[in-house]
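Biologist: Thanks for sitting down with me over this one. Could you walk me through its salt bridges?

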Amino acid sequence: MFPLHLSLLIMGASGIVAQILLLRELLVSFMGNELTLGIILANWLLLEALGSFLLGKTAEWTGKKLEVYVFLQIFFSVALPFSIYLCRTFKNMVGLTPGEGLGILPILYASFLILLPVSMSHGALFTYGSKLHSQAEGGQAPSIGRVYLLETIGSILGGLLITFWLLRHFQSFEIAFMVSLTNAFISAYLLWPLGRPWCRTRNLSFLLCLVYTLLFLVLILSPLSDRIHRFSLQQQWKGLTVLHNENSIYGNLTVTRRGEQYTFFTDGVPSITTPVPDLASIEDLVHFSMLFHERPSSILVLSGGAGGVIHEILKYAVSKVDYVELDPLLLTLIKKYPTPLTQSELSDPRVKIHHTDGRLFLQRTSERYDLILIGIPSPQELQTNRLFSEEFFDMARKRMYPGGLLVFTLPGSLTYISPELKRFNGCLLDTLKRVFRHVRVIPGETNLYFGSDAETLPRLTPQDLMKRLEERKVRTHLFTRNYVEYRLHERWQRWYEESMKREGVHINSDFKPLAVFFSLSYWTALFSPPLSPWFAWFSGLNLTWFLWLLVPLTSILVLLFFKKPALSGYAVPYAILTSGVTDMILDLALLFTFQTLFGYLYHQIGLLITVFMVGVALGSFGVTRSLDRIRNAVGLFLASELALILFSALLPTILTFPARHLEKPAISVTLFGMFLLMSLFCGTLVGFQFPLSAKLYLGTRSGKGKVAHTAGLLYGADLVGGFFGGLLGGVLLLPVLGLHRTCLALALLKASSLLLLLMFRRIQKSPP
C-alpha cells in the first residue's frame, strides 16, 4: 500500500502546483483582474469535476485499473508543460498581439481548452485512486475518506513548496518538469513487478514510465528546459526583446525592450516605461496635485512612483517622499536596467522606499503628509479595493496635515461617459464626498480626483496654479498655461457634472466593495459588450432574488423526493455541492477580510490557507479512522450542516466587530488569532463532511457498492460547488451583497440542503 499512498500524496501536491502555475501563466496572457481569476479557477474546478465523474466512473468496469491510473499520471505529466507552453503562445496562434485585451468569452474558452488535459486527467486520478485503495484494503467509504485525506495532505505540502521555495528559485518549466518527473517515477514504482507475475500490459507500461522518467530527468538537468522557457517567452512577447522574466511571491514580472525603450510588466500589465514615460499623464497627476496644495513638503506615494512620478515631485522643494511599493523585485529590476531618470529619482536622499502594503503602512506610520498619491490606476479586484474604500479614505484623512490632499485617477472620457463608466466613477465620487468636505474632479481621458478639507480646493483657478508654478520655479514640458486653462475650463466641469447625473448614492466600503463590481462591469463593456446588460442587471442583486431562486428549487426537490423516494439519496451529493459553494465563498470572505484589515502580508495569507487545509485534513482524518464504527452517520452529517449554517450567519459579526478597534494591539492580536481559528474550523467542517457523505451515499440504492461512482459523484459535486462559489463569490456576491448579506445567503443555501437531508433521513427510516 505504501506506493499507492505515496502516489496519492503526490497527486494532491501535483494538482495544487499545476493550478498555481497555470493560473499565473494565464493571468499574464489575459492581463487579468478578479473576473479573469474567477473564470480560470472556475474552469479548473469544472474540468476536475468532469474528469472525476465522467472519466473516473470507467474504474467500475475496466479490468486494468492500475494501468489506467498510471496512464492518467503520465498523461498529466506530459500535459502540464505542454499547457504552460500554450498559455504563452496561444495569442500568436489566434493572431493577437502582446498586451491586447480579451473579452470574457475568449478568456472562457481559451482557458477551458488550455486547462482541459491537465485538469480532467487530475480529476480522474481521485476516482481511480479511491477504487484502487478500496480493492487493496477491502473498505469502501473509509477508502474514499483516506484518499481524500491523502490528497489534502499532498495539497498542503505542494502549496507550501511552491509558495515558499519553488517560485523563488525556479522558472515555470523547471517546476513543471520536476512535477512530471515525480509523477513518472512514482508510476514506475507502482508498476514494479517485484512479487507479482509479469504481464504484457504491465510490462510495457513499466518500460514507458521508465522512458518518461529519464526524459524528464534529462529535461531538468540539461539546458533544454531553459531553452524552452526562453523560446516560449519570445513567442509570448513577439515583437519585443525579453530581457528578464521572473516570478516573485506577488506575481510575474517581465522586462522587455523595443529600441531604447524599457517596459516593466506586472502580470502582463505594463506598469513602468523608461526612459521616456507617459509624460502627459505623469505631469497631469503630479503638477495638478502639487499646485493645488499651498505648500507641499511631505509626500506619500502608494505604488507607481518609479519611472517619472517621483522625478516630477522632486522638482518641488519637498522635504521627504515616502514611496511604498509592495513587490521589492520590481524596484530590483528597475535598478538592474537603469536609466538616468530612475537613477536620479530613486537615489535622491529625500526619497525613502518602503516594501510593504500601502494600507498597512498608512495604518502603522506615525508620520503625517501634505499629499497622498494613490498610484494604482483603479480598484480592479478586492485586493486593490482596500485603497479606495470609505474606511481607507478616512484613514488617509487622519494621516494628513491640515489642508492635505488625497489624489487618485480613474478611467474617463471627454466625449461620452457610458453607463458603466458613470457607475464606476460615481461610486468612488460618492465615497470620496462621504469622507472629505471638498472634492474636485478634473475630467479627461483619465479623471483626476482630489479630496481635501481645505476650503481653497474648489476655488483655485488656472491663474492661481500658474502663479504658484512660477513662484516655485518648476520646469515642465507639456504643463503650460494654455494647457491648464484648457483642462480647468468650466465647460468641461459643467459637461462632467451633467453627464454624471444618476439616481442613488453608492458607497464603496471594505465589507461591500461595490467599486470592484463596477470596475468589472466597465471592463466587460470594453471587451465583451454583449454581456454588459447582464452586469447592469446584477448590480441590483439582493437577498430577495436569492430567495426567489432557492425556494422554488428546494420545493421541486422536496416534491420529487416524495414522489420517488429512491431519488432521495441525491440529497447527499446536493449537500456536498452546496457545501462546496459555501466553503469556497467563506474561504474567500476570510481571505479578503483578512487582507482588508491586516494588509497583503503574503506569508500570513499563506498561513491562513495552510490552516484551512490543515482543518480539512484533521476533519477528514477524525471521521475516516472511525467511519466503520459510526452508527448514526445521518445525525452527524445533519449536525455538520447546522454548524455550517451557524458559522455562515455569525462569521461577519465575529470578524467585523473587533475590526473597529484594530488600532489597539491586544485587539489586533486577538483578531489575528480569530482568523486562524475560523479558517481551521471552516476547513474541519469541509473535511468532516466528505467521508460521512461517502458512507451515506454508498448505503443508498444508487450508490450501493459502487466505490468509483460514489467517489466521482461526490468529488465532482464538491468541485462543481467550488466552481460556482469561485466564479460568483468574488465577482458578484461579496462586492454587490457585501460580506454580511453574502454570508446570510450562504446560511439560507445550507438550510435548503439541511431540509432535504431531513427528508432523506425520514425516507431511509421508513419501511420499504
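Modeller: Gladly, and let's start with Asp430, which is buried at a relative accessible area of 12% (buried means under 20%, exposed over 50%, partly exposed in between, with a 1.4 Å probe and protein chains only). This is a predicted model, where local features need pLDDT of at least 70, side-chain atom pairs count only at pLDDT 80 or more, and totals for chains, interfaces and linings use all residues. Residues are numbered from 1 along each chain as its sequence is written, and side-chain values use heavy atoms, leaving out hydrogens and water.

Biologist: Which side chain meets Asp430 in a salt bridge?

Modeller: A salt bridge here is a side-chain nitrogen of Lys or Arg within 4 Å of a carboxyl oxygen of Asp or Glu. For Asp430 the N to O distance is 2.6 Å. The partner counts as partly exposed at 30% relative accessibility, and it is Arg502.

Biologist: How many residues apart in sequence are the parts tied together by Lys750 and Glu641?

Modeller: Their closest N and O atoms are 2.7 Å apart, and both Lys750 and Glu641 are buried. Lys750 lies in helix 26 and Glu641 in helix 24 (helices are DSSP runs of H or I, at least four residues, numbered from the N terminus). The pair therefore ties together parts whose separation in sequence is 109 residues.

Biologist: Which residues do salt bridges that share partners join into one network?

Modeller: A search of the whole structure finds 17 salt bridges. Those that share partners form one network of Asp394, Arg397, Lys398 and Asp453.

Definitions and conventions: Helix = DSSP H or I, 4+ residues; strand = E, 2+ residues; numbered from the N terminus.
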